[in-house]
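Open the model in your viewer and keep the sequence panel beside it. Each stop below gives a selection to make and then what is found there.

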Amino acid sequence: MFQNKVTAILNLDKSPEALMPLTENRSIANLPFACRYRILDFYLSTLANAGIRTVALFMAETGRSVYDHIRSGKAWNFDSYTGGIFTFSQMNHKRALYEAASRKGPFYDDHRLFIERSNAQYVFVSGAKIVANVHLDEVMHQMDRCESDLTRVYAQVPRELIEYHPNESIIHFAEDGCVDRITKEGVTPINQATVKYDLNMTLIRTEKLLEMIEKAEEDNFYKELDEVIVEYMGDYRAEGYQYEGYVGNIDSIKSYYDVSMQMLNGEYFTQLFQDEQPIITKAHNGSPTYYGDHANVINAQIGTGCQIYGEVAQSHIFRNVEVAPNAKVDHSIIYQGAKIGKGATVQYAILDKSVEVEPGAIIIGTQDDPIVIPKGSYIAASDDTYQNATYKFKAAR
């Protein structure tokens, strides 16, 4: 355990446009996952399981959905006397002010103050859109044994995971085993079956990170800290740590849908959740789900407090969802509080919180292009099937 030896900074401001409308009022990190978790839980669990008790979250906007989920951080033991979760919001607004006025100055004051007050030897810096169960204590042990300034976490993955994903990165190593460079997918052609996928996770010596921050301010380079590290890591000795567990990359609606559906596969679910290191989330106390006499459930994950009277297959059903008699939910993700009316059909779709589907309504997407219904929508029945090519909201509340 590395309590007080390591502190952490998580950047929750990656552009959410590719996941709209799911990210209209929440960051990618706060997307619901596997009926009870959030993407952020995988990062907080990685820290908690390594005994880290202090973390800073830097958020693009207000972060309201994040605050609602993490609260005091008690679930992950961040509510100790010597630790805590520290939040810094409106980073996009702050960055815009600096860039618009070509302003020079202490853009990274919050980062610097947090790092210095943590009094830690190392800082773990990461984005927050990867689904993985990283053992940070193993990264720490490797860091202690070597003389590197920083360690970058990567995974050997099939090329399909990042091919044609221009915001993803590949890590390259020199002959001496040190990190040579990190390139964006699309810049370097992928010819091999697997690639070294950079997970945007760095364990770095505190004094080296502070040096990078000083360089960034001198160069008016106003980005998130994970981007600062990539910009200046060529000036430092960097080594790699290969993570060998499950990796899911959430960078689009399609990838979010696919990674979620993989959790219905026992092999993938076991790799991620039944590791010796548990994934921790905020507890919700609720009544058991009720299954009616004619309910038919096939290979689905279902949260607490639901009422299932119809048919559910190959789907994720979050808490307090009602599936009425003769309704069919197939290959879909249904968020908390949704209601599927009698005789309705929902197939290859993602329904956000509190969506109501009128009796008899039909929503049909495809595996390659699932329909997304925004939060609080009311889907009325009509003679037309709600399909991707012609989908329009007929009514809204």
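A residue counts as buried here when its relative accessible area is under 20%. The model is a predicted one.

**Stop 1: helix H7**

Select residues 225–232, which form helix H7. Which residues of H7 are buried? They are Leu 225, Asp 226, Val 228, Ile 229 and Tyr 232. Look down the helix axis: these residues span an arc of only 160°, so they sit on the same side of H7. Now show what they pack against: E1, H4, E6, E8, E11 and H6.

**Stop 2: H7 against H6**

Keep H7 on screen and add H6, residues 206–218. The axes of H6 and H7 come within 10 Å and cross at roughly 90°. The two helices are therefore roughly perpendicular to each other. To see the contact, show side chains on both. From H6, select Leu 209, Met 212, Ile 213, Lys 215 and Ala 216. These meet Leu 225, Val 228, Ile 229 and Tyr 232 in H7.

**Stop 3: H6 against H4**

Hide H7 and bring in helix H4, residues 109–118. The H4 and H6 axes are 11 Å apart, and the helices pack at an angle of about 165°. Angles over 145 degrees count as roughly antiparallel, so H4 is roughly antiparallel to H6. The crossing of H4 with H6 is left-handed.

Which residues of H4 and H6 meet? On the H4 side, pick Asp 109, His 111, Arg 112, Ile 115 and Glu 116. On the H6 side, pick Thr 206, Leu 209, Leu 210, Ile 213 and Glu 217. Leu 209 and Ile 213 of H6 meet residues of H4, and Leu 209 and Ile 213 are also among the H6 residues that meet H7.

**Stop 4: helix H5**

Select residues 136–145, which make up H5. Its buried residues are Leu 136, Val 139, Met 140, Gln 142 and Met 143. They cover an arc of only 165° around the axis, which places them on the same side of H5. Turn on the neighbours next. Among the elements that cover the buried residues of H5 are strand E1 (6–12), helix H1 (39–49) and strand E6 (122–126). Strands E8 (150–158), E11 (194–205) and E12 (238–242) are also included in that cover.

**Stop 5: the cysteines**

How many disulfides does the structure hold? It holds zero. Select Cys 146 and Cys 178 to check one case: Cys 146 is in no disulfide, and its nearest cysteine sulfur, that of Cys 178, is 8.6 Å away. Cys 146 is buried, at 15% relative accessibility.

Move to Cys 306 and Cys 35. The closest cysteine sulfur to that of Cys 306 is in Cys 35, at 7.8 Å, which is too far for a bond. A disulfide would need the sulfur atoms within 2.5 Å. Cys 306 is buried as well, with a relative accessibility of 1%.

**Stop 6: backbone exceptions**

Most residues other than glycine have a negative phi, and most peptide bonds are trans. The next three selections depart from that.

- Select Met 20 and Pro 21: the peptide bond joining them is cis, with omega about 5°. Pro 21 lies in the loop between E1 and strand E2 (32–33).
- Select Arg 71: phi is positive, about 50°, although the residue is not a glycine. Arg 71 is in the loop between helix H2 (64–70) and strand E5 (84–88), and is exposed, with a relative accessible area of 56%.
- Select Asn 77: phi is about 65°, again positive in a residue that is not a glycine. Asn 77 is in the loop between H2 and E5. With a relative accessible area of 43%, Asn 77 is partly exposed.

**Stop 7: Ser 169**

Go to strand E9, residues 169–173, and select Ser 169. Is Ser 169 buried or exposed? At 11% relative accessibility, Ser 169 counts as buried. Leaving out residues up to four places away in sequence, Ser 169 touches Ile 162, Ile 182, Thr 183, Lys 184, Lys 196, Tyr 197 and Asp 198.

**Stop 8: Leu 97 and Gly 376**

Finish at Leu 97, in helix H3 (residues 91–100). Leu 97 is partly exposed, with a relative accessible area of 46%. Draw a distance from its C-alpha to that of Gly 376: the two are 34 Å apart in space and 279 residues apart in sequence.

Definitions and conventions:
Residues numbered from 1 in each chain as written. Predicted model: local features only at pLDDT ≥ 70, side-chain atom pairs only at ≥ 80, totals over all residues. Heavy atoms only, no water. Buried < 20%, exposed > 50% of the residue type's maximum accessible area, 1.4 Å probe, protein only. Helix = DSSP H or I, 4+ residues; strand = E, 2+ residues; numbered from the N terminus. Arc of directions from axis to C-beta. Contact = heavy atoms within 4.5 Å. Axes fitted to C-alpha atoms, helices over the stretch in contact; angles between N-to-C directions. Parallel < 35°, antiparallel > 145°, perpendicular 65-115°, else oblique. Left-handed = near helix turned anticlockwise from the far one by under 90°.
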